[in-house]
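Here are my comments on the model you passed to me, set out as numbered points so that each can be checked against the coordinates.

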Amino acid sequence: MNGANPVTNPTNLTDLTGRTAIVTGAGSGIGRGIAEMFAAAGAIVSCADVSGDTAEETAERIRAAGGRARAATVDVSHREEVTGLVDAVVADHGRLDILCNNAGIIIDVPVLDLGEAEFDRVLGINFKGALFGCQAAGKAMVAQGGGSIINLASGAIDQATPNLLAYGVSKVGVVQLTRTLAVELGASGVRVNVIAPGLVETNITRRHYSRVDGSIDEEKRAATLAPMRAHSPLGLIGTPEDVAWAALYLASDAARFVTGQILRPNGGIAMPW
Ligand SMILES: NC(=O)c1ccc[n+]([C@@H]2O[C@H](COP(=O)([O-])OP(=O)(O)OC[C@H]3O[C@@H](n4cnc5c(N)ncnc54)[C@H](O)[C@@H]3O)[C@@H](O)[C@H]2O)c1
């Protein structure tokens with residue numbers, strides 16, 4: 001743990017050797033990138049996803065690279081499944097050091113057409129899924145005297161985007177969940193932060209240029225990504241690794257002074273105070 005002593009080796013601060021971590025939505029995209037980053041830093045990672053097959057793929061990739069991981073089939077919108085996973089990690093390893101609530105979905109529907117069931121589904125996964133994770137992990141972390149929770153929001157918290165009301169509301173809710181919990185749990189040594197990425201090319205973004213059979217329409221892809229890239233002062237679209245570096249920082253002792261904050265790996269597309 002860093003503190004009064006001068007930093008002699010910055011990499012020690014981001015070393016997660018022996019820490020236990022859960023990443024939800026770890027079967028794909030950003031969640032896979034974060035799970036692999038945590039494992040590369042030495043953590044023992046539970047890769048949770050509603051798709052058990054893709055969660056297992058991620059765990060297998062980590063093990064093949066020499067890391068420690070196992071897969072769990074968990075639908076984060078079901079409280080008992082999330083609590084069961086946290087309990088299992090604590091039972092097996094004695095503690096849970098890091099939770100990354102990353103699982104999320106998006107739907108594109110104009111406000112006037114938004115059905116109640118669609119709205120509930122997005123809120124159920126994106127907001128309540130994070131809430132259930134925070135509650136279960138928060139209790140374990142308070143009992144052990146510390147931990148780091150990282151919640152995935154989105155650039156949707158900084159602007160109104162047509163057709164993304166449910167998604168935006170869920171992510172704004174995640175920010176307020178984070179800030180409230182940061183205040184409530186700080187005295188117990190539990191840090192809670194948000195990552196709000198800009199555009200990262202994953203299955204979530206590929207919906208704009210995937211054909212019905214799942215293949216990519218390259219022409220449409222180029223046409224979709226070009227204006228997004230141009231919107232970034234850096235001229236960049238993000239990768240899962242760009243977000244995973246932010247997660248590594250927030251998970252680690254390097255961020256011991258950081259809680260209740262929003263970190264925006266977004267290529268500069270939004271610069272709120
Ligand atoms: N890709 C982007 O541009 C972008 C930008 C900002 C924020 N985000 C956020 O990053 C997170 C990850 O998104 P991604 O882009 O990697 O998308 P993705 O679709 O590649 O990954 C999402 C993962 O979540 C899993 N998942 C979905 N519902 C679940 C449930 N009920 N329980 C457990 N797992 C579930 C999926 O199976 C999938 O593996 C999401 O919270 C998303 O809102 C993404």
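The points below take up the basis of the model, the ligand site, the cysteines and one backbone angle.

1. This is a predicted model, in which local features need pLDDT of at least 70 and side-chain atom pairs count only at pLDDT 80 or more, whereas totals for chains, interfaces and linings use all residues. Residues are numbered from 1 along each chain as its sequence is written, and side-chain values use heavy atoms, with hydrogens and water left out.

2. The ligand is surrounded by 28 residues, of which Ser28, Asp49, Asn102, Tyr167 and Thr202 come nearest; a residue is counted as near when one of its heavy atoms lies within 4 Å of the molecule. By class, this shell is made up of 14 nonpolar, eleven polar and three charged residues, where Ala, Val, Leu, Ile, Met, Phe, Trp, Tyr, Cys and Pro count as nonpolar, Asp, Glu, Lys and Arg as charged, and the others, Gly among them, as polar.

3. At least two shell residues come from each of α2 (29–40), α6 (165–185) and α7 (203–206), and α7 supplies the largest share, three residues. Helices (H or I, at least four residues) and strands (E, at least two) are DSSP runs numbered from the N terminus.

4. Three polar contacts (pairs of N or O atoms within 3.5 Å) deserve inspection. The side chain of Tyr167 places an N or O atom 2.5 Å from an oxygen atom of the ligand, the side chain of Lys171 has one 2.9 Å from a ligand oxygen, and a backbone N or O atom of Val74 lies 3.4 Å from a ligand nitrogen. Taken alone the ligand exposes 830 Å², and the protein buries 92% of that, with areas from the Shrake-Rupley method and a 1.4 Å probe.

5. Why does the structure hold zero disulfides? The sulfur of Cys100 is 10 Å from the closest cysteine sulfur, in Cys134, which is too far for a bond, since a disulfide is a pair of cysteine sulfur atoms within 2.5 Å. Cys100 is buried at a relative accessible area of 0%, and Cys134 is buried at 3%; buried means under 20% relative accessible area, exposed over 50%, and partly exposed in between (1.4 Å probe, protein chains only).

6. Asn163, in the loop between β5 (147–152) and α6, has a phi near 75 degrees, a positive value in a residue other than glycine. Most residues other than glycine have a negative phi. At 33% relative accessibility, Asn163 counts as partly exposed.

Note on methods
A polar contact is a pair of N or O atoms within 3.5 Å; within protein, one must be able to donate a hydrogen and the other to accept it, and residues adjacent in sequence count only if both atoms are side-chain atoms.
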